[in-house]
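Reader: I should be grateful for a close look at a single part of this model, with an account of how that part sits among its surroundings.

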Amino acid sequence: MTALLEARHVTKVFGEGIFNRSTHLVALDNLSLTIEEAPPTITAIVGESGSGKTTFARLMLGLTEPTSGEICYRGVDMRHLDRDQRRQFLRDVQVIFQDPYEVYNPFYRIDHVLEEPVANFRLAKSKAQGRELIVEALTSVGLRPEETLGRYPHQLSGGQRQRVMVARSLLLRPRVIIADEPVSMIDASLRATVIESLRDLNRRFGISLIYITHDLTTAYQLSENIVVLYRGAVAEAGDVERVVKEPEHPYTRLLIGSIPRPDPKHHWGIKEKAPDRVPSGRSNNGAGGGAGGSAGRQGCHFADRCPNVMAMCREKTPPLYQTAPHRATACYLYRDSPVAAPEKLSEIFVARA
Amino acid sequence: MNSNILEVRDLRVHYYTRQGAVQAVNGISFDLHVGERLGLVGESGSGKSTVALALMRLIRPPGKIEGGQVLLDGLSLLELPDEQMRQIRLAEIALVSQGAMNSLNPVTRVRRQIEDALRDHDVKLNARERSEWIGELLQRVGLPRTAADMYAHELSGGMKQRACIAIAICLRPKVIIADEPTSALDVVVQHQVMETLETLRAELGASVILIGHDMGLMAQAVDRLGVMYAGDLIETGNIEDLFSEPLHPYTRLLMASLPSLEQKEAARGIPGLMPSLLNKPKGCPFHPRCPDAFDRCRVEEPKLQTVRPKRDVACHLHSANAVGANSISREAA
């Protein structure tokens with residue numbers, strides 16, 4: 001059976017710009033991920049800014065091409081889709097972006113973003129039927145159509161706007177939705193509602209989700225499996241329950257320890273080794289760890305910040321070690337475990353209970 | 001000796017728009033004790049950032065401070081002439097603003113920006129002393145001394161925020177207002193920056209007002225918390241008390257809406273939306289969303305009242321327990 005959407009050994013290198021031809025930034029390094037036709041899954045891709053998570057989303061959406069490797073839709077390389085396949089792809093794979101304030105054209109009413117896909121994909125035979133579909137989609141995400149339709153984007157809250165985006169995706173009955181930081185700009189009291197809408201899409205409509213975020217807490221809440229990226233490479237992946245509760249990779253441990261828990265009795269943070277050097281020159285907008293890996297660099301990207309660093313970490317990039325049936329960690333601390341090939345990443349994922 | 005470094009009384013700020021006056025801050029009162037870390041938490045539109053700007057007297061038209069009192073170490077800030085207020089800003093009360101990464105000047109080096117601050121406040125130092133002081137400041141915020149000669153774009157997000165903190169503390173202020181200082185940073189960097197801020201606060205003996213929307217950050221970084229909703233302060237209390245037993249229904253629901261790392265699918269959003277500040281509902285501003293609302297809530301706006309030691313809440317559910325005073329200034333510090 002061919003997979004619905006599949007990333008095979010995808011690497012994306014930025015650079016070779018006009019001003020500085022010598023700088024290369026490896027945004028994503030040999031990542032493979034498979035979304036099967038069935039059953040519907042929820043996979044979280046988690047990382048700091050500069051970890052390559054948005055690059056991954058753009059690759060999966062066909063908005064940018066990989067430097068090497070391929071993205072396949074139903075077994076066909078994205079670059080070689082014919083017209084009909086491309087159209088089917090545009091329907092099957094939907095996206096929800098981070099900023100619910102910028103995706104709308106402020107001059108159009110909310111109705112516009114919902115009517116457009118109905119017209120474009122001829123989802124309805126008549127205007128009335130189209131209206132019916134829109135009303136149904138809005139109701140499914142917990143919005144009252146009479147309070148939503150006919151309004152302008154600025155008249156809705158961020159949470160409502162983001163749910164309209166979920167409704168828009170739903171209209172097309174896609175197979176996969178790629179959600180890139182869908183709740184990071186939404187107030188806390190409404191965040192849970194949007195997460196709930198996304199979970200509902202998966203359960204009720206059988207849509208797979210790729211949930212891209214920097215927020216481990218919502219990733220834990222929503223997903224079944226998680227991929228933790230650090231500077232473009234997989235640090236740790238597998239069953240979200242295990243990864244969050246018993247993190248193995250020192251980076252995942254640092255990440256989870258840094259989350260401020262809403263509990264004053266909980267002690268915040270674990271000790272991290274201070275970075276050896278100041279990033280100089282071309283520093284990206286990424287914070288702390290900085291962004292991407294530089295091309296041709298040897299060793300584990302996390303070595304400079306790692307409290308458990310060993311000599312071997314600086315010599316050769318660690319492979320993924322399968323440390324348990326449903327998890328893998330790219331760290332030499334687990335070198336006694338069998339090596340998992342990068343393309344087998346999705347095979348270790350846990351199936352829904 | 002007065003144990004309060006800052007006393008705010010009935011502060012009101014309105015923004016004048018074509019549709020009418022937006023009551024962004026609607027008569028709030030609170031105290032900041034010497035050396036204390038006070039949090040102000042609220043969702044977008046709750047008025048928390050407006051409070052920060054009003055304390056600094058940086059509200060610009062169409063906004064206007066409509067009334068109230070701000071006493072900094074006994075000095076009434078709202079009545080000062082502009083020039084005197086300018087001298088006090090940064091020297092006595094400093095602001096680390098939201099998105100500080102964009103508040104550095106992109107075309108001058110960090111050194112120059114600290115020098116500007118020192119010169120504007122008539123700090124008399126010779127070139128060598130000044131350079132030494134700048135180096136020390138940068139080291140204190142966890143930056144290398146060489147960062148002084150860098151431009152903003154050469155620094156990462158966390159480093160830029162550190163540079164902003166260095167500017168904020170360059171004159172050893174008594175009060176530091178940090179408005180969402182880490183909202184644009186990754187969690188790991190957020191933790192480092194907050195640790196730096198706390199170390200500095202302790203060294204300087206300063207007091208901090210931390211403004212934000214993240215209850216988790218508040219739980220870890222402040223001693224006392226005030227919860228804002230629609231321009232009102234609706235609950236205050238010590239951080240442990242407030243988290244172990246939130247009194248206001250909004251605070252309770254807000255905490256229930258936080259996703260946890262321990263338990264799946266427990267979080268529930270709060271139905272409804274914050275009211276428009278142009279025409280707030282009659283009575284309690286939260287009553288349209290409140291599961292416990294009763295008749296009185298729809299007609300009478302509850303006042304912030306002390307209902308038990310060091311606990312103030314603006315809610316009719318608790319008004320039977322009120323012990324007189326309607327401001328947290330009365331608490332036994």
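Author: In this predicted model, helix H1 of chain B, residues 48-55, lies across five strands of chain B: strand E3 (37-41), E6, strand E7 (175-179), strand E8 (207-212) and E9. The direction of H1(B) is at about 150 degrees to that of E7(B). The strands beneath this description deserve attention in turn, and the sheet is the part examined here.

The sheet in chain B is open and has eight strands, in the order E6-E7-E8-E3-E9-E10-E12-E11, with mixed pairing. At its two edges stand strand E6 (93-96) and strand E11 (305-308) of chain B, each of which pairs on one side only. On average, neighbouring strands of this sheet are turned by 20 degrees against each other, direction ignored. In general, the strands of a sheet pair through backbone hydrogen bonds, in either a parallel or an antiparallel manner.

Within that order, E3(B) stands between E8 and E9. Five bridges connect E3(B) with E8(B), and the two run parallel. Towards E9(B), E3(B) has four bridges, and this pair is parallel as well. Leu38(B) takes part on both sides: its bridge partner in E8(B) is Ile209(B), and its bridge partner in E9(B) is Arg224(B).

How are the side chains of E3(B) placed? Arg37(B), Gly39(B) and Val41(B) point one way from the strand, while Leu38(B) and Leu40(B) point the other way, and all are buried. Because five of the five residues of E3(B) are buried, the strand is largely enclosed by the rest of the structure.

Moving on along the sheet, strand E9 (residues 224-229) of chain B is joined to strand E10 (residues 232-238) of chain B by six bridges, and these two strands run antiparallel. One of the paired positions is Val227(B), whose bridge partner in E10(B) is Glu235(B). E9(B) thus has a parallel partner in E3(B) and an antiparallel partner in E10(B).

Chain B also contains a pair of packed helices. Helix H3 (residues 110-120) and helix H4 (residues 127-140) of chain B have axes that come within 11 Å and cross at roughly 115 degrees. That angle makes H3(B) roughly perpendicular to H4(B), and their crossing is right-handed. On the H3(B) side, Arg111(B), Ile114(B), Glu115(B) and Leu118(B) meet Arg130(B), Ile134(B) and Leu137(B) of H4(B). By class, this contact has four nonpolar, no polar and three charged residues.

Finally, chain B has a neighbour: 39 of its residues are in contact with 37 residues of chain A. Helix H5 (157-168), helix H6 (187-204), helix H7 (215-221), helix H8 (239-244) and helix H9 (249-256) of chain B each supply at least two residues of the side that touches chain A. That side of chain B comprises 20 nonpolar, eleven polar and eight charged residues.

Chain A itself has eleven helices and 14 strands, and buried residues make up 50% of its 353 residues. Among contacts in chain A between residues at least 6 apart in sequence, 66% join residues at least 24 apart.

How values were computed: Residues numbered from 1 in each chain as written. Chains lettered and ligands numbered in written order. Predicted model: local features only at pLDDT ≥ 70, side-chain atom pairs only at ≥ 80, totals over all residues. Pairing = 2+ DSSP bridges. Axes fitted to C-alpha atoms, helices over the stretch in contact; angles between N-to-C directions. Contact = placed C-beta atoms within 7 Å. Nonpolar A, V, L, I, M, F, W, Y, C, P; charged D, E, K, R; others polar. Parallel < 35°, antiparallel > 145°, perpendicular 65-115°, else oblique. Left-handed = near helix turned anticlockwise from the far one by under 90°. Buried ≥ 20, exposed ≤ 12 C-beta atoms within 10 Å, placed from the backbone.
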